[in-house]
Every structure is written in C-alpha cells, then in structure tokens.
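This briefing introduces one protein structure to a reader who has not met it before. Please keep the sequence and the structure at hand while reading the points below.

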Amino acid sequence: MEVGVEDDPATLRRRNRLDYSAVGNSPEELQQGRQMDKLKLTYFDFDGGRGEPARLALHIGGIPFEDYRFAAADFAEVRKTTPLNQVPTLQVNDRVVTQGDAITRYAGKLAGLYPEDPVQALLCDEIMSALEDVNCHITATFGMKGDELKKAREALAAETLPRYLRWLQHQLESSGGAHFADNRLTIADLKALVMLRWLTSGMLDHIPTDLVARVAPALTGYMDRVRSTPAIAKYYERRAGG
C-alpha cells in the first residue's frame, strides 16, 4: 500500500484486525466501548511540540476530544494544575494522564495508527523513543542565551542531530522508504513529521534550516509526503485559516 492515508477513520481503525470470534471483543468493539470516554488534551497553542502528534492522531481518526490550548504566557499557571508540572496531559473522563509518548500511543490506538503486529509496534516505538531523545537534546538548550546558546546549538548541529537524522533515514529506507513501520501511516510518522518541521522551520536559532536536506535528504521528501496526507493537509489548512 502506498500511503494508506486516504482511508476514512473507520477503515483505519479496522486495519490489521485479527479474528477475535473465539477470544472475545475485537479492537473495533473495544473502540466502540471507549467512544463514551470524554477526552481533553492540554497543550501549548502552537502547531508543534510533544502534544502535536496526539492532536494529529485524534483528528485523523475522527476521535472526539477537547483540544485545550493555552498561550505560553499562561504556562506558569497551567502547570500548577498538572500532576508533574508539565504538559501535555490527557484527561480521560476524571483521570489525568501525563507523558507525551504514552498519550500519543493511546491516541494512535484509538485512531488505528498504531501497529497490531508486535514487531511493527516495536519498530514504531523505537522511532518514537529516538525522536524523544532528539527532543531532550534540543530542550536542554532552552533557557540558554548568547554565546552559551550558540555554542550548544552549533554542537547539536555538528554532531548530535546529524547522527540521529542519518539513523532515521537508514531506518526509513530499511522499512521501504515510505513509512517507519507497518508499511502505512503510524504515530511514528506523525512524531517524525512534527520533529522535521521544527528542525526546518528556522525557529531554532543556530540550527541551519537546511540541516535535514544536507545530512539526510531522503527525510525531506518523506516529510513532504507525510505532510501532504489529505487529513494532515486539511488539518493544517484549517489551522492556518484556509
């Protein structure tokens, strides 16, 4: 399958279903049972960061949820209401859950964007964790200023980021070149898209916007393909007021 991204939400949730007639409820039946859960995702009001992959997954899957966004200036107050003084959080009915990757994985399962096959799930999780490593390397420079920031970011651009980008390119090509896992769109692709958009956005001082194209050119075309997925393209068009 080329991309598997034009499927409607119900088709996505049916993908990879096994025969559960002898063992109990299928994922689809379990999903129907979860439809009544009230979801509230809390994160910054911008199109990126650790909360964005879950937002994308829920939108692509047609899963109803409250997309609670707040301005960066309000973070000091918002964090007081969270279990670990951080975001994103996902409220499922009366329970508040932390940790971005756990939230994204849950959203992916609801939306049919997480592999059923254990090996493909492993590959998906591997990419997710590696991308979180990159997040941590970059956010470690937050709060730095002047020469300290310049030196830290230039070191990232010279060694750490190229190492991860080349590895990601290798993993993508090892999986066929279209997706990181399961030969279709998964949450690994959503998190990769968010990261690659960030690295090429010019928002990170001292990180060259052509870094991805120079060290891992296959990721540039990959990013464009994932971004052009109809559901993702429509989501960002709406966000831009288009």
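A salt bridge is a side-chain nitrogen of Lys or Arg within 4 Å of a carboxyl oxygen of Asp or Glu. By that criterion, the side chains of Asp125 and Arg105 form a salt bridge, at 3.1 Å from N to O. This pair links distant parts of the chain, since Asp125 belongs to helix 6 (residues 118-139) and Arg105 to helix 5 (residues 100-111), 20 residues apart. The model is predicted, and its mean pLDDT is 90.

**Overall picture**

- The secondary structure of the protein consists of eleven helices and four strands.
- The protein has 242 residues, of which 45% count as buried.
- Of the contacts between residues at least 6 apart in sequence, 69% join residues at least 24 apart.

**Confidence in the model**

- A pLDDT of 70 or more is reached by 85% of the residues.
- Over residues 1-7, pLDDT stays under 50, and the model has 15 contacts beyond four places in sequence for this stretch.
- Residues 15-26 also have pLDDT under 50 throughout, and for them the model has 16 contacts beyond four places in sequence.
- Where pLDDT is low, the predicted coordinates should not be read in detail.

**Salt bridges**

- The structure contains 17 salt bridges.
- Side chains of opposite charge can pair when their charged atoms come close.
- In the pair described at the start, Asp125 is partly exposed, with a relative accessible area of 22%.
- Glu154 and Lys150 form a salt bridge through their side chains, at 2.7 Å from N to O.
- Because Glu154 and Lys150 are four residues apart in helix 7 (residues 146-174), about one helical turn separates them.
- Glu154 counts as partly exposed at 38% relative accessibility, and Lys150 counts as partly exposed at 35%.
- Asp224 forms a salt bridge with Arg227, with the closest N and O atoms 2.6 Å apart.
- Both Asp224 and Arg227 lie in helix 10 (residues 217-227), three residues apart, about one turn of the helix.
- Asp224 is partly exposed, with a relative accessible area of 37%, and Arg227 counts as partly exposed at 33% relative accessibility.
- A network of salt bridges links Asp45, Asp47, Glu52, Arg55, Asp67, Arg69 and Arg239.

**Packing of helix 8 against helix 10**

- Helix 8 (residues 187-199) packs with helix 10 at an angle of about 115°, and their axes are 10 Å apart.
- Helix 8 is therefore roughly perpendicular to helix 10, as angles of 65 to 115 degrees count as roughly perpendicular.
- The crossing of helix 8 and helix 10 is left-handed.
- On the side of helix 8, the contact is made by Ala188, Asp189, Ala192, Leu193, Leu196 and Arg197.
- On the side of helix 10, the contact is made by Leu219, Tyr222, Met223, Val226 and Arg227.
- Arg227 thus has two roles to note here: this residue takes part in the contact with helix 8, and Arg227 is the salt-bridge partner of Asp224.

**A residue in the loop before helix 8**

- Thr186 is placed in the loop between helix 7 and helix 8.
- Thr186 has a relative accessible area of 0% and is buried, because buried means under 20% relative accessible area.
- Leaving aside residues up to four places away in sequence, Thr186 touches Leu113, Pro115, Cys124 and Ala181.

Terms used:
Residues numbered from 1 in each chain as written. Predicted model: local features only at pLDDT ≥ 70, side-chain atom pairs only at ≥ 80, totals over all residues. Heavy atoms only, no water. pLDDT = per-residue confidence, 0-100. Contact = heavy atoms within 4.5 Å. Buried < 20%, exposed > 50% of the residue type's maximum accessible area, 1.4 Å probe, protein only. Axes fitted to C-alpha atoms, helices over the stretch in contact; angles between N-to-C directions. Parallel < 35°, antiparallel > 145°, perpendicular 65-115°, else oblique. Left-handed = near helix turned anticlockwise from the far one by under 90°.
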